[in-house]
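This report describes a protein model through its charged pairs, its interior and a few points of its backbone. The sequence and the structure come first, and the description follows.

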Amino acid sequence: MTGWDGFSEGLAEQLASLAAGSVLIIRESGQTGRYAQFLQTDERVEAELVGDHHLDPALRAGEAGCRLIAEAGWRPPEDTVYGHNWWSELPWPSSSVAYRALAGMTVTGLRDGLRITGPQVLVYEAWDGRRGNRPLTLPLLGLTAQS
């Protein structure tokens, strides 16, 4: 892992290569509840960043963190399909520029908004929901896979 910049580049490449039905959850190791998740559908990539509603008070983004998350481009939590989470969507297919922007938003949300110290504390889970929830290996992330 080469830090947040390397993680962002790998995430952008990995998101661009996901097949329809793929689910990716990137979370802080342990039981903190801080995560980002992605679902590739036939028409779009649906992205979520955990909202404060789901976190212990000490782990919440708070006012300053929420401002940074919003400025990065995340849409605020509202009573929608995304519940209490921040969210964003990209049409599929999208350009590499759009995937890099989404990856950058994710880094800003995790690093600046949620104060995660670095990608070395992140793990991922990924599976193909259309093929029996078969686990996916995503090496471009540079993270350890968790089952």
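In this predicted model, R111 forms a salt bridge with D112, the closest N and O atoms lying 2.7 Å apart. R111 counts as partly exposed at 30% relative accessibility, and D112 likewise counts as partly exposed, at 28%. A search of the whole structure finds 9 salt bridges, and three of these pairs are set out below.

| Salt bridge | Closest N and O atoms |
|---|---|
| R111 and D112 | 2.7 Å |
| R44 and E46 | 3.1 Å |
| R44 and E43 | 3.4 Å |

R44 appears in the table with E46 and also with E43, and a network of salt bridges links E43, R44, E46 and E89. The members of this network whose accessibility is described here are not alike in their surroundings: E43 is exposed, because its relative accessible area of 56% lies over the 50% cut-off. R44 counts as partly exposed at 28% relative accessibility, whereas E46 is buried, because its relative accessible area of 17% is under the 20% cut-off.

E46 also belongs to the surroundings of S88, a residue of strand β4, which covers residues 86-91. Leaving out residues up to four places away in sequence, S88 touches V45, E46, A47, W74, L102 and M105. At 10% relative accessibility, S88 counts as buried.

Turning to the interior, the largest nonpolar core holds 40 residues, of which F7, L11, L24, I26, F38 and L141 touch the most other members. At least two residues of this core come from each of α1 (4-16), β1 (22-28), β2 (35-40), β3 (44-49), β4, α3 (96-113) and β5 (122-128). The element that gives the most to this core is α3, with 7 residues.

What does L24 contact beyond its neighbours within four places in sequence? L24 is in contact with L11, L15, A36, Q37, F38, Y124, E125, A126, L138 and L141. Among these partners, L11, F38 and L141 are also listed with L24 as residues that touch the most other members of the core.

Helix α1 has 13 residues and reaches 18 Å from its first C-alpha to its last, which is close to the 18 Å expected at 1.5 Å a residue. Its buried residues are W4, F7, S8, G10, L11, A12, Q14 and L15, and the buried residues of α1 pack against β1, β2, α3 and β5.

Some details of the backbone remain to be described. Most residues other than glycine have a negative phi, and most peptide bonds are trans. In this model, however, the peptide bond from W92 to P93 is cis, with omega near 0°, and P93 has its place in the loop between β4 and α3.

Where do the residues with a positive phi lie? R115, which is not a glycine, has a phi near 60° and is found in the loop between α3 and β5. N133, although not a glycine either, has a positive phi of about 60°, and N133 is found in the loop between β5 and β6 (134-135). R115 is partly exposed, with a relative accessible area of 40%, and N133 is partly exposed as well, with a relative accessible area of 48%.

Definitions and conventions. Residues are numbered from 1 along each chain as its sequence is written. This is a predicted model: local features need pLDDT of at least 70, side-chain atom pairs count only at pLDDT 80 or more; totals for chains, interfaces and linings use all residues. Side-chain values use heavy atoms; hydrogens and water are left out. A salt bridge is a side-chain nitrogen of Lys or Arg within 4 Å of a carboxyl oxygen of Asp or Glu. Buried means under 20% relative accessible area, exposed over 50%, partly exposed in between (1.4 Å probe, protein chains only). Helices (H or I, at least four residues) and strands (E, at least two) are DSSP runs, numbered from the N terminus. Contact means heavy atoms within 4.5 Å. A nonpolar core is a set of buried Ala, Val, Leu, Ile, Met, Phe, Trp, Tyr and Cys residues joined through side-chain atoms within 4.5 Å. The expected span of a helix is 1.5 Å times one less than its number of residues.
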